[in-house]
Amino acid sequence: MTNRLKELRDRHGQLSQAALGREIGVTRQTIIAIEQGRYSPSLESAFRISRVFGVGIEDVFGWNE
């Protein structure tokens, strides 16, 4: 799974990993792991992340088959 989380955080006024984590109810370490591709978020977290940035889930996450 790929993601554009870091890019979106930077575009969104350089939203910190900790601030994003607080907004969606996870830890900063979880956001780091998602950004590094070491952790795939739950569907609920993916929806919450996409809503923070005002984009669709597909604009944040991608799937490499």
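# A walk through the predicted model

From the N terminus on, the chain runs β-α-α-α-α-α-β. That makes five helices and two strands in total. The structure is a predicted model, and every value below is computed from it. The radius of gyration is 10 Å, close to the 11 Å that the globule rule gives for 65 residues, so the chain is as compact as a globular protein of that length. Along the principal axes, the C-alpha atoms fill a box of roughly 30 × 20 × 20 Å.

A few totals describe the chain as a whole. Of its 65 residues, 37% count as buried. The accessible surface comes to about 4,300 Å², and carbon and sulfur atoms hold 46% of that area. Among contacts with a separation of 6 or more, 54% are between residues 24 or more positions apart.

One such long-range pairing involves the end of the chain. Gly62 belongs to strand β2, which covers residues 61–62. In sequence, Gly62 and Asn3 are 59 residues apart, yet their C-alpha atoms are 6.0 Å apart in space. Leaving out residues up to four places away in sequence, Gly62 touches Met1 and Thr2. Gly62 counts as partly exposed because its relative accessibility is 22%, and the buried class ends at under 20%.

The loop between α1 and α2 comes next, and two of its residues are worth comparing. Gln14 is found in this loop and has a positive phi of about 55 degrees although it is not a glycine. Most residues other than glycine have a negative phi. Gln14 counts as exposed because its relative accessibility is 63%. Leu15 also has its place in the loop between α1 and α2, but Leu15 is buried, with a relative accessible area of 12%. What does Leu15 contact, leaving aside its neighbours within four places in sequence? The partners are Arg9, Leu20, Glu23, Val52 and Phe53. Of these, Leu20 and Glu23 are in α2, while Val52 and Phe53 are in α4.

Helix α2 follows this loop. Its buried residues are Gln17, Ala19, Leu20, Gly21 and Ile24. The cover over them includes α1 (5–11), α3 (28–35) and α4. Just after α2, Gly25 takes a positive phi of about 85 degrees.

The contact of α2 with α4 can be described in more detail. Helix α2 spans residues 17–24 and helix α4 residues 43–53; they pack at an angle of about 115 degrees, with their axes 9 Å apart. The crossing of the two helices is right-handed. From α2, the residues that take part are Leu20, Glu23 and Ile24, and they meet Ser45, Arg48, Ile49, Val52 and Phe53 of α4. By type, the residues of this contact divide into five nonpolar, one polar and two charged. The spacing of these positions can be read against the geometry of a helix. An α-helix has 3.6 residues a turn, so residues three or four places apart point the same way.

Helix α3 has a buried set of its own: Ile31, Ile32, Ala33, Ile34 and Glu35. What covers the buried residues of α3? The cover includes both strands, β1 (2–3) and β2, together with helices α1, α2 and α4. Just after α3, Gly37 takes a positive phi of about 75 degrees.

Two serines in helix α4 show what lies around that helix. Ser45 is in α4 and counts as buried because its relative accessibility is 12%. Not counting residues up to four places away in sequence, Ser45 touches Ile24 and Val26. Ile24 is itself one of the buried residues of α2 and belongs to the contact between α2 and α4. Ser50 lies in α4 as well, and at 4% relative accessibility Ser50 counts as buried. Its partners, with the same sequence neighbours left out, are Val55, Gly56, Ile57 and Val60. Ser45 thus has its listed contacts with Ile24 and Val26, whereas those of Ser50 fall at Val55, Gly56, Ile57 and Val60.

Key
Residues are numbered from 1 along each chain as its sequence is written. This is a predicted model: local features need pLDDT of at least 70, side-chain atom pairs count only at pLDDT 80 or more; totals for chains, interfaces and linings use all residues. Side-chain values use heavy atoms; hydrogens and water are left out. Axes are lines fitted to C-alpha atoms, for helices over the stretch in contact, and angles run from 0 to 180 degrees between N-to-C directions. Helices (H or I, at least four residues) and strands (E, at least two) are DSSP runs, numbered from the N terminus. A crossing is left-handed if the near helix is turned anticlockwise from the far one by less than a right angle, and right-handed if clockwise. Contact means heavy atoms within 4.5 Å. Ala, Val, Leu, Ile, Met, Phe, Trp, Tyr, Cys and Pro count as nonpolar, Asp, Glu, Lys and Arg as charged, and the others, Gly among them, as polar. Buried means under 20% relative accessible area, exposed over 50%, partly exposed in between (1.4 Å probe, protein chains only). The radius of gyration is taken over C-alpha atoms; the globule rule is 2.2 Å times the number of residues to the power 0.38. Accessible areas come from the Shrake-Rupley method with a 1.4 Å probe; for residues, only the protein chains shown count as cover.
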